[in-house]
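Dear colleague,

I am handing over the structure below, and my notes on it follow directly after. Please read them with the model open beside you.

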Amino acid sequence: MSEIPTRAVRELTIRVLRCNPAEPEQTPEWQDFRLEEAEAMTLFVALSLLREEQDASLSFDFVCRAGICGSCGMLINGRPGLACRTLTRDLPDTITLAPLPGFELIADLSVNTGKWMRGMSERLETWVHDAGLADHNLAQVEAPMDPALAREIYELERCIECGCCIAACGTAQMRENFVGAVGLNQVARFRLDPRDTREDADYYELVGDEDGVFGCMTLLGCEDLCPKDLPLAAQIAFLRRKMARA
Amino acid sequence: MRPSVNRWPARVDVLQSASGLLLVLFIWGHMFFESSILLGHDAMYLVAKAFEGQPLLSEPHPELVSIAGGTVLMLIALHALLALRKFPATWRQYRELHGHLGRMRHWDSTLWYVQVITGFFLFFLAAAHLSQMMLQPEDIGPYASADRIWSDHYWLLYAPLLLTVHLHAAIGVYRLAMKWGPFSAATTDRWRGRARLLMVSALAFFLCLGTASLVTYMRLGAEHAPYKGERYTPSWERE
């Protein structure tokens with residue numbers, strides 16, 4: 001009697017770029033970890049096992065484990081993605097992990113996307129602008145918004161600022177002042193919002209230059225690698241047409 | 001509009017795209033006219049004379065070709081000047097870009113780099129071709145062109161020019177569509193697929209057409225080499 005063949009369990013090699021700027025005497029180097037693959041294993045699970053069982057000093061970020069917080073963005077075999085949403089079964093036996101380029105390195109796979117995002121947010125003033133906001137009565141019921149418009153705004157609001165679009169963007173890698181898809185998406189989002197009283201001429205002052213929408217070279221890395229599948233190419237083209245006329 | 005706002009970044013971006021589009025339309029039209037040789041000597045003769053203004057002015061005026069050539073050269077200069085802003089400029093930028101393209105293995109990012117490389121070669125190849133046309137505008141015709149291409153070895157210029165200009169034009173059209181195309185979020189993927197199909201089809205078509213006519217000119221030039229310098233007489237003017 002022949003037995004029903006069961007699938008052999010794969011042994012994964014996880015190659016991590018180790019670097020800790022807090023210890024300058026240590027040179028950056030690749031370190032290989034070996035790990036038995038488990039059913040439905042995500043990279044987040046794999047990294048947690050490595051830290052628990054093999055090397056407690058391995059640094060990487062995570063919070064939500066569900067693709068909502070945007071903390072676990074990293075280069076997976078060279079391309080940006082979220083560790084918690086990447087299944088090891090979709091990857092080859094050797095998996096290379098490196099920190100997202102373009103952000104301040106904290107250690108190993110952990111980068112300070114928050115600092116970058118805050119800078120972008122302050123520069124593009126990504127909050128509702130309204131002259132009467134200080135006198136606004138917060139107890140008052142908000143004016144209703146058209147559901148179709150609310151859905152449209154929500155679609156862009158889904159951005160989790162994980163930084164994958166910046167790591168996927170050749171322009172952002174070459175020119176560090178470029179606001180990237182995340183910034184342009186934010187501008188498109190507030191432009192839609194009826195509560196924001198800014199006009200296209202105001203937005204032009206924020207993104208109407210080579211660091212903004214006219215710096216984009218349409219390499220479409222953002223569109224193709226956004227973990228949340230945001231319509232970034234359509235938003236940037238739309239903003240470019242509006243700003244060309246603003 | 002506010003007086004303090006700098007409108008130039010917007011104008012420059014529109015101008016770069018518009019000059020590129022005009023140049024693509026020019027080169028695609030050019031391919032149909034030059035490949036008239038595939039329809040015979042007389043067809044090519046008629047096209048050449050038409051561009052010298054003979055049907056309207058009764059006499060051929062080759063200087064019209066020089067003027068057209070000069071206009072195209074100026075358009076190329078403008079397009080190149082505007083596109084230079086986007087070229088990587090420093091060693092650090094080249095290092096970042098090469099590292100990025102190598103890691104990403106991403107089709108559209110790589111296509112842009114093909115534009116940088118072909119664009120760079122076109123500075124020289126297109127300028128050489130256009131200077132020759134502007135300085136010797138009367139040397140366009142079934143025998144004159146064939147002699148230039150074969151006996152004067154111009155095929156060595158035209159073969160790489162054919163490949164680079166059509167790569168640059170076809171990729172450029174696709175990138176223009178993605179850059180400005182008024183596609184909704186829901187239809188972007190579909191339009192992107194169509195634009196890609198247009199890019200690949202246009203590239204294949206114009207490379208085939210261009211190669212066929214270049215080979216035809218080379219063959220004619222080789223046959224006509226002993227009589228180099230002789231000009232073509234159309235069939236209706238012969239006894």
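**A buried histidine in chain B**

His79(B) counts as buried because its relative accessibility is 17%, where the cut-off for buried is under 20%. Please keep in mind throughout that this is a predicted model. His79(B) sits in helix α4 of chain B, which spans residues 63-83, and, according to the UniProt annotation "binding site" from an unreviewed entry, it is covered together with His30(B), His129(B) and His168(B).

Once neighbours within four places in sequence are set aside, the residues in contact with His79(B) are Gln16(B), Ser19(B), Gly20(B), Leu23(B) and His168(B). For Gly20(B) there is also a distance to report, since its backbone nitrogen lies 3.4 Å from a polar atom of the His79(B) side chain. His168(B), which the same annotation covers, belongs to helix α8 of chain B, residues 155-180, and, not counting residues up to four places away in sequence, it touches Gln115(B), Thr118(B), Gly119(B) and Leu122(B) as well as His79(B).

**The two domains of chain A**

Chain A is assigned a domain 1 covering 11-111 and a domain 2 covering 125-245, and the centres of these two domains, taken over C-alpha atoms, are separated by 30 Å. In chain A, 14 residues of domain 1 are in contact with 12 residues of domain 2. The area buried between domain 1 and domain 2 of chain A is about 980 Å², with carbon and sulfur atoms giving 65% of it. Strand β4 of chain A (residues 79-82) gives the most to the side of domain 1 that touches domain 2, with four residues. Between these two domains of chain A the count of salt bridges is zero, while three residue pairs are found in polar contact across their interface.

**Where chain A meets chain B**

The contact between the chains takes 41 residues from chain A and 39 residues from chain B, and the area buried between them is about 3200 Å², of which carbon and sulfur atoms give 52%. Across this interface 21 residue pairs are found in polar contact, and the count of salt bridges between chain A and chain B is three; one of them joins Arg192(B) to Asp224(A), with the closest N and O atoms 2.7 Å apart. On the side of chain A that touches chain B, at least two residues each are supplied by β4, α5 (170-174), α7 (200-207), α8 (221-225) and α9 (232-245) of chain A, and the largest share, eight residues, comes from α9(A).

With best regards

Key:
Residues numbered from 1 in each chain as written. Chains lettered and ligands numbered in written order. Predicted model: local features only at pLDDT ≥ 70, side-chain atom pairs only at ≥ 80, totals over all residues. Heavy atoms only, no water. UniProt positions renumbered as here; feature names shortened; annotations may be inferred. Buried < 20%, exposed > 50% of the residue type's maximum accessible area, 1.4 Å probe, protein only. Contact = heavy atoms within 4.5 Å. Polar contact = N/O pair within 3.5 Å; in protein donor to acceptor, adjacent residues only side chain to side chain. Domains from an automatic or database assignment. Buried area = accessible area lost by both parts, 1.4 Å probe. Salt bridge = Lys/Arg side-chain N within 4 Å of Asp/Glu carboxyl O.
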